[in-house]
Amino acid sequence: MKALNKLTAPKSAAPERIIQFGEGNFLRAFVDWIIYNMNQKTDFNSSVVVVQPIEKGMVEWLNGQDCLYHVNLQGRLNGEAVNSLTRIDCISRALNPYTQNAAFMALADQPEIRFVISNTTEAGIAFDPNCKFTDAPASSYPGKLTQLLYRRFKTFKGDKTKGLIIMPCELIFLNGHHLKECIYQYIELWKDDFGADYEKFKTWFTKYCYVCATLVDRIVPGFPRKEIAQIQKKICYADNLVVQAEIFHLWVIEAAENLSLRQLAEEFPANKAGLNVLFVKSEAPYHERKVTLLNGPHTVLSPVAYLSGVNIVRDACNHPVIGRYIHKVQFDELMQTLNLPMDELKKFAADVLERFNNPYVDHQVTSIMLNSFPKFQTRDLPGLKTYLERKGELPKGLVLGLAAIITYYKGGVRADGAEIVPNDAPEIMQLLKDLWATGDTRRVAEGVLAAKDLIWGEHGDLNTIPGLTDMVTAFLNSIQEKGMLETVKSIL
């Protein structure tokens with residue numbers, strides 16, 4: 001089997017226009033896959049320089065394969081199973097700024113560089129006051145980026161056409177806003193190092209650099225350990241950097257306040273390549289849509305499915321009763337609480353169900369149930385309250401989901417003998433243990449709904465929501481007496 005490099009496989013050449021902080025599975029299966037497709041289908045003609053954001057990483061592996069690797073997409077597209085392999089060749093080189101700092105900083109001097117993209121984990125966008133301007137490099141990602149931006153400002157003497165479009169992909173709501181704030185903090189921290197350039201550099205960054213907030217969505221399991229031998233046999237290369245991902249992808253990019261949507265779409269023509277990349281004025285409704293219609297159903301379907309004897313998300317979708325329950329929660333309840341066009345919401349919800357039904361991923365419902373109460377609080381409770389406000393009644397599917405979580409946290413065994421093992425903060429586990437020890441479902445419901453400090457936070461005591469205590473109690477009684485499946489049937 002051949003090694004994978006530019007001597008054994010074709011590799012296109014394009015100007016280096018993108019600096020990418022991060023070399024992990026997600027960026028390679030999402031952003032670099034998108035850029036590859038843009039190069040193939042439009043005149044974008046750009047390559048990526050990867051920068052390793054922390055001291056230990058994978059740049060040596062990447063460079064060992066001349067930055068070539070395959071993306072294996074799996075899932076359903078328009079009802080059909082897809083299992084594709086694509087060789088990605090848009091990364092030109094990979095740098096470790098801790099051992100190649102001169103080469104890293106020299107990126108700022110390349111006139112064609114226009115974009116900075118990152119995924120340095122949620123902890124990566126943070127201000128560290130211990131970073132010094134003279135560090136080579138600064139330890140934090142925003143610190144490194146500020147060093148790079150100042151070098152570019154100096155090299156091109158404040159040329160307004162040499163500002164950068166910065167698109168972080170970290171899983172933080174309004175990630176671009178947080179990153180921009182960190183950069184301003186470094187500009188203040190290092191103002192003495194900038195000297196007479198301080199105000200001019202700050203103005204150049206403010207006016208001519210464009211920090212966009214983004215929302216990313218693609219499940220990326222990563223390296224396919226189980227299937228790697230058959231994949232390598234199929235591609236005829238010893239590719240040790242294959243990355244597996246679902247076929248669905250979505251990138252919502254909120255234009256920076258100093259950049260028009262039109263200019264952003266022209267400079268980054270992902271939509272011309274037929275990709276699911278949206279340029280918007282605000283990512284907030286899309287963030288809410290994802291949390292509500294992807295994460296929300298996951299949170300309630302999992303205990304309902306498990307207590308009905310169903311272990312895999314895909315099997316839950318195809319179950320004659322649980323499948324209808326998921327559809328009810330998704331379309332009849334949660335979707336009614338959002339503020340985007342209904343046809344857009346229906347398309348997204350249908351895509352979510354197709355993702356849940358992925359034939360290549362055995363997604364265990366128990367893996368979703370870690371910390372179920374905090375998840376319900378952030379993903380489902382806002383929808384429950386909005387539904388009540390808009391419809392004048394409680395959403396039975398969501399309330400049943402809450403009762404299912406409460407029942408799951410009782411522990412014990414299922415009818416088929418499978419163990420029920422809840423996992424949450426010790427204080428929450430103790431509360432449920434004490435409440436269930438009373439043997440009184442009303443006290444269980446009231447105790448859980450009253451736990452504002454432990455679970456519900458700013459939502460307060462949920463016993464004040466009209467009818468909620470009664471409905472949760474009724475569902476708890478029904479689950480105890482008739483079982484989960486019969487209880488689900490009663491609301492369909």
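Me: What makes up 56% of the 492 residues in the chain?

Reply: Buried residues do: 56% of the 492 residues in this predicted model fall in that class. The term applies to a residue with under 20% relative accessible area.

Me: Why is the chain called as compact as a globular protein of its length?

Reply: The chain has 23 helices and 16 strands. Its radius of gyration is 25 Å, and the globule rule gives 23 Å for 492 residues; the two values are close, so the chain counts as being as compact as a globular protein of that length. Along the principal axes, the C-alpha trace spans about 75 × 55 × 40 Å.

Me: What share of the contacts with a separation of 6 or more joins residues 24 or more positions apart?

Reply: Such pairs account for 77% of those contacts in the chain. A pair enters the count if heavy atoms lie within 4.5 Å.

Me: How much of the accessible surface belongs to carbon and sulfur atoms, and how are the charged side chains placed?

Reply: Carbon and sulfur atoms hold 50% of an accessible surface of about 20,900 Å². The chain carries 54 positive and 56 negative side chains, and the centres of these two sets are 4 Å apart.

Me: Which residues does UniProt list for the Mannitol dehydrogenase N-terminal domain, and what is their helix and strand content?

Reply: The unreviewed UniProt entry places "domain: Mannitol dehydrogenase N-terminal" at residues 16-256. In the model, this span is 34% helix and 25% strand, with its end C-alpha atoms 23 Å apart.

Me: Which residues does UniProt list for the Mannitol dehydrogenase C-terminal domain, and what is the helix and strand content of that span?

Reply: For "domain: Mannitol dehydrogenase C-terminal", the unreviewed entry gives residues 285-478. That span is 66% helix and 2% strand, and 36 Å separates its end C-alpha atoms.

Me: Why is helix 16 described as largely enclosed by the rest of the structure?

Reply: Helix 16 covers residues 372-379, and 6 of its 8 residues are buried, so the description follows. The buried residues are Ser-372, Phe-373, Lys-375, Phe-376, Gln-377 and Arg-379.

Me: How do you know whether Asn-371 is buried, exposed or partly exposed?

Reply: Asn-371 has a relative accessible area of 29%. Buried requires under 20% and exposed over 50%, so a value in between is called partly exposed. Asn-371 therefore counts as partly exposed. This residue lies in the loop between helix 15 (365-368) and helix 16. Although Asn-371 is not a glycine, its phi is positive, at about 55°.

Me: Why does Lys-328 count as buried or exposed, whichever applies?

Reply: The relative accessibility of Lys-328 is 18%, and the limit for the buried class is under 20%; Lys-328 therefore counts as buried. The residue belongs to helix 13 (residues 322-333). Leaving aside residues up to four places away in sequence, Lys-328 touches Glu-333, Gly-397, Ile-491 and Leu-492. Its C-alpha lies 9.5 Å from that of Leu-398, which is 70 residues away in sequence.

Me: How do you know whether Leu-345 is buried or exposed, and what does Leu-345 touch?

Reply: A relative accessible area of 0% places Leu-345 in the buried class, for which the limit is under 20%. Leu-345 sits in helix 14 (residues 342-356). With residues up to four places away in sequence excluded, its contacts are Arg-289, Leu-293, Met-335, Leu-338 and Leu-340. The C-alpha atoms of Leu-345 and Leu-293 are 8.6 Å apart, across 52 residues of chain.

Me: Why is Gly-64 placed in its accessibility class, buried or exposed?

Reply: Gly-64 has a relative accessible area of 54%. The exposed class begins over 50%, so Gly-64 is exposed. Gly-64 is part of helix 3 (residues 59-64). Between Gly-64 and Ala-3, 61 residues apart in sequence, the C-alpha distance is 9.7 Å.

Me: What is notable about the phi of Lys-157, and how do you know whether the residue is buried or exposed?

Reply: Lys-157 is not a glycine, yet its phi is positive, about 50°. Its relative accessible area is 76%, which passes the cut-off of over 50%, so Lys-157 is exposed. The residue lies in the loop between helix 5 and strand 8 (165-168).

Me: What kind of peptide bond joins Ala-136 and Pro-137?

Reply: The bond is cis, with omega at about 5°. Pro-137 is located in the loop between strand 7 (115-118) and helix 5 (141-155).

Key
Residues are numbered from 1 along each chain as its sequence is written. This is a predicted model: local features need pLDDT of at least 70, side-chain atom pairs count only at pLDDT 80 or more; totals for chains, interfaces and linings use all residues. Side-chain values use heavy atoms; hydrogens and water are left out. Helices (H or I, at least four residues) and strands (E, at least two) are DSSP runs, numbered from the N terminus. The radius of gyration is taken over C-alpha atoms; the globule rule is 2.2 Å times the number of residues to the power 0.38. Buried means under 20% relative accessible area, exposed over 50%, partly exposed in between (1.4 Å probe, protein chains only). Accessible areas come from the Shrake-Rupley method with a 1.4 Å probe; for residues, only the protein chains shown count as cover. Lys and Arg count as positive and Asp and Glu as negative; His and the chain ends are not counted. The place of a charge is taken as NZ of Lys, CZ of Arg, CG of Asp or CD of Glu. UniProt positions are given in the numbering used here, feature names are shortened, and annotations may be inferred rather than shown by experiment.
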